[in-house]
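The following exercises are to be worked with the sequence and the model at hand. Each task is followed by a solution in steps.

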Amino acid sequence: MDSYSAPESTPSASSRPEDYFIGATPLQKRLESVRKQSSFILTPPRRKIPQCSQLQEDVDPQKVAFLLHKQWTLYSLTPLYKFSYSNLKEYSRLLNAFIVAEKQKGLAVEVGEDFNIKIVSKSQLPSENREGKVLWTGWFCCVFGDSLLETVSEDFTCLPLFLANGAESNTAIIGTWFQKTFDCYFSPLAINAFNLSWMAAMWTACKMDHYVATTEFLWSVPCSPQSLDISFAIHPEDAKALWDSVHKTPGEVTQEEVDLFMDCLYSHFHRHFKIHLSATRLVRVSTSVASAHTDGKIKILCHKYLIGVLAYLTELAIFQIE
Amino acid sequence: MDETVAEFIKRTILKIPMNELTTILKAWDFLSENQLQTVNFRQRKESVVQHLIHLCEEKRASISDAALLDIIYMQFHQHQKVWEVFQMSKGPGEDVDLFDMKQFKNSFKKILQRALKNVTVSFRETEENAVWIRIAWGTQYTKPNQYKPTYVVYYSQTPYAFTSSSMLRRNTPLLGQALTIASKHHQIVKMDLRSRYLDSLKAIVFKQYNQTFETHNSTTPLQERSLGLDINMDSRIIHENIVEKERVQRITQETFGDYPQPQLEFAQYKLETKFKSGLNGSILAEREEPLRCLIKFSSPHLLEALKSLAPAGIADAPLSPLLTCIPNKRMNYFKIRDK
């Protein structure tokens, strides 16, 4: 049962992106309907291509601007126990105290009103006349994560995808607090070559008005004693032409199509260099929609397909948790 | 001593690692033995530098003395720059003149000074008939910037010059002109070859790495040649595999030779070729335009890495000529189009 259909309600009343990050009421409604459905296959051999028209009007480009063009480190997060959206101020106070205790440099913490908890960290060192610079941002996210929701009780809040930008040390401290307070567990989200290929295919399939970046793949070759990296950049229009030639089923992306798309690239490369890229390790894919690295780093470039990207990442996070 | 000169010498000396300092100062040969003996090199670096500057002041160091020190530093730290290769040629029917170093240096300097007025040109000759040239660029109205010089290594018995590619691009034509005219050539062309390793570039350009290859007798029976196979090979590998492995080893050796490869860090290919697939004839079949691709290979030691690919089973043997031609064609930047 393909449950990636677009939300049946054009979002009830609200067009706030926050509702798509952490669905409050709409998602609970869907939880009920999902519980009645039959079992769900986690990585289906086909999935819907993020359609621009379904999602574009729901995302205000200005509001999500802070998410774009930044590198995010990904983590999967097990469900939070007894987390309540109404206690955000209290949580911010506790987190603040915790950070102060841990790091004696006096980092002040503010928590925004939004559902997605944005932690703004200001340094209290002498440069107080400057406007506070955002040093670290982290956000919790769950987009279309139905499969997880149906398995947990109501005490738990499911926000399986966590993205962090900023110093590793800050991520560690904040992560520790959340783990202690809500009995959850963070785990770095690695992205394997299989999923990178899917991302490359899906994002190449996205219809774009204009391309802001070349489409690029990076492989790491396991030869010794010297390491070898191979970067293959292809003009995005040519990549799209190749995809369109491979793509047969409208509105969906299938495993065969992804495999064929990658095989075409391998074959074109082999014709010139006699090297089998399939014997090497794909570590990074980059398109005008987004770029992803196997170490769990992502950069989103296009607000139009933000939801689609997050949906896929949520799926990967859920898969890692289960 | 001019303040700017003092500052420049100070910054240059500060760059030099302590364990190289005495060697470089001796090579510079500006401060006398007696002066150097008065310096306590076991102090903190700042104190050593202070003392050295003081000595330079005593001897009234000029900008050309400072420039010479900079050249020597660069000779010890060649890999800090990326080097490019220029090839010059004589016109048809022109004789090969006897090279006169003095005349070359005068001519080179004059050409630059006439064009720019403000330019610092320094020379340092080395063995192998090579001369290192350092150029600090200024303009008609501004003094030369000593901190962004260009270095050129010209091998006078050859038509080749190697330049550090960090220079301000607008001076490239002038530099080319000066080199060409001063060395009595007609034309200069930039080769598609770039690397941090000057020695490797030399080896490739002058084909020096090939010398041992010439002595190889390729009719020597297989057993006599060292195949690099592990003697204690896994006995589970059956005969056919051994034959294939030996074939791959032999071809790899014929292509790359027995000697260490010149060190390059990358090779770049700009491809504009049509897609032709063996898998499925219909893909992009009607498309006339080629696929525009840019492929880059990067490695601390590219040629050694490429050499290991076929034996590791990651590539076919023989490897593509696009890769194996790098040392022979003396290129690591390529533009490939369908014929």
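Contact means heavy atoms within 4.5 Å. The model is predicted, so local features need pLDDT of at least 70 and side-chain atom pairs count only at pLDDT 80 or more, while totals for chains, interfaces and linings use all residues. Residues are numbered from 1 along each chain as its sequence is written, chains are lettered from A and ligands numbered from 1 in the order in which they are written, and side-chain values use heavy atoms, with hydrogens and water left out.

**Exercise 1. Chain totals**

Task: state the secondary structure, the buried share and the share of long-range contacts for chain B and for chain A.

Solution.
- Step 1. Helices (H or I, at least four residues) and strands (E, at least two) are DSSP runs, numbered from the N terminus. On this basis chain B has 12 helices and nine strands, and chain A has 11 helices and 15 strands.
- Step 2. A residue is buried under 20% relative accessible area, exposed over 50% and partly exposed in between (1.4 Å probe, protein chains only). Of the 339 residues of chain B, 46% are buried; of the 322 residues of chain A, 52% are.
- Step 3. Take the contacts between residues at least 6 apart in sequence. In chain B, 70% of them join residues at least 24 apart; in chain A, 72% do.

**Exercise 2. Two helix pairs**

Task: classify the packing of α2(B) with α5(B) and of α8(A) with α9(A).

Solution.
- Step 1. Two packed helices are described by the angle between their axes and the distance between the axes. Axes are lines fitted to C-alpha atoms, for helices over the stretch in contact, and angles run from 0 to 180 degrees between N-to-C directions.
- Step 2. In chain B, helix α2 (residues 18-28) packs on helix α5 (residues 63-76) at about 130°, with the axes 10 Å apart. Angles under 35 degrees count as roughly parallel, over 145 as roughly antiparallel, 65 to 115 as roughly perpendicular and the rest as oblique. The pair α2(B) and α5(B) is therefore oblique.
- Step 3. The crossing of α2(B) and α5(B) is right-handed (the near helix is turned clockwise from the far one by less than a right angle; anticlockwise would be left-handed).
- Step 4. To this contact α2(B) gives B:Glu20, B:Thr23, B:Ile24, B:Ala27 and B:Trp28, and α5(B) gives B:Asp65, B:Leu68, B:Leu69, B:Ile72 and B:Phe76. Ala, Val, Leu, Ile, Met, Phe, Trp, Tyr, Cys and Pro count as nonpolar, Asp, Glu, Lys and Arg as charged, and the others, Gly among them, as polar. The contact of α2(B) with α5(B) thus holds seven nonpolar, one polar and two charged residues.
- Step 5. In chain A, helices α8 (residues 193-205) and α9 (residues 236-246) pack at about 100°, their axes 9 Å apart. They are therefore roughly perpendicular. A:Ala201, A:Thr204 and A:Ala205 of α8(A) meet A:Ala239, A:Lys240 and A:Trp243 of α9(A), a set of four nonpolar, one polar and one charged residues.

**Exercise 3. A residue of α9(A)**

Task: is A:Pro236 buried or exposed, and which residues does A:Pro236 touch?

Solution.
- Step 1. A:Pro236 lies in helix α9 of chain A and is buried, with a relative accessible area of 9%.
- Step 2. Leaving out residues up to four places away in sequence, A:Pro236 touches A:Tyr211, A:Ala213, A:Thr214 and A:Thr215.
- Step 3. A:Thr287 is 51 residues from A:Pro236 in sequence, yet the two are 7.6 Å apart, C-alpha to C-alpha.

**Exercise 4. A residue touching both chains**

Task: describe the surroundings of B:Thr273.

Solution.
- Step 1. B:Thr273 belongs to strand β7 (residues 266-273) of chain B and is buried, at 2% relative accessible area.
- Step 2. Residues up to four places away aside, B:Thr273 touches A:His268, A:Arg271 and A:His272 among others in chain A and B, including B:Pro290, B:Leu291 and B:Asp338.
- Step 3. The side chains of B:Thr273 and A:His272 make a polar contact of 2.9 Å (a pair of N or O atoms within 3.5 Å; within protein, one must be able to donate a hydrogen and the other to accept it, and residues adjacent in sequence count only if both atoms are side-chain atoms).

**Exercise 5. Backbone geometry**

Task: where does B:Lys184 lie, and what is its phi?

Solution.
- Step 1. Most residues other than glycine have a negative phi, and most peptide bonds are trans.
- Step 2. B:Lys184 lies in the loop between α7 (172-182) and β6 (187-195) of chain B, and its phi is positive, near 60°. B:Lys184 is partly exposed, at 38%.
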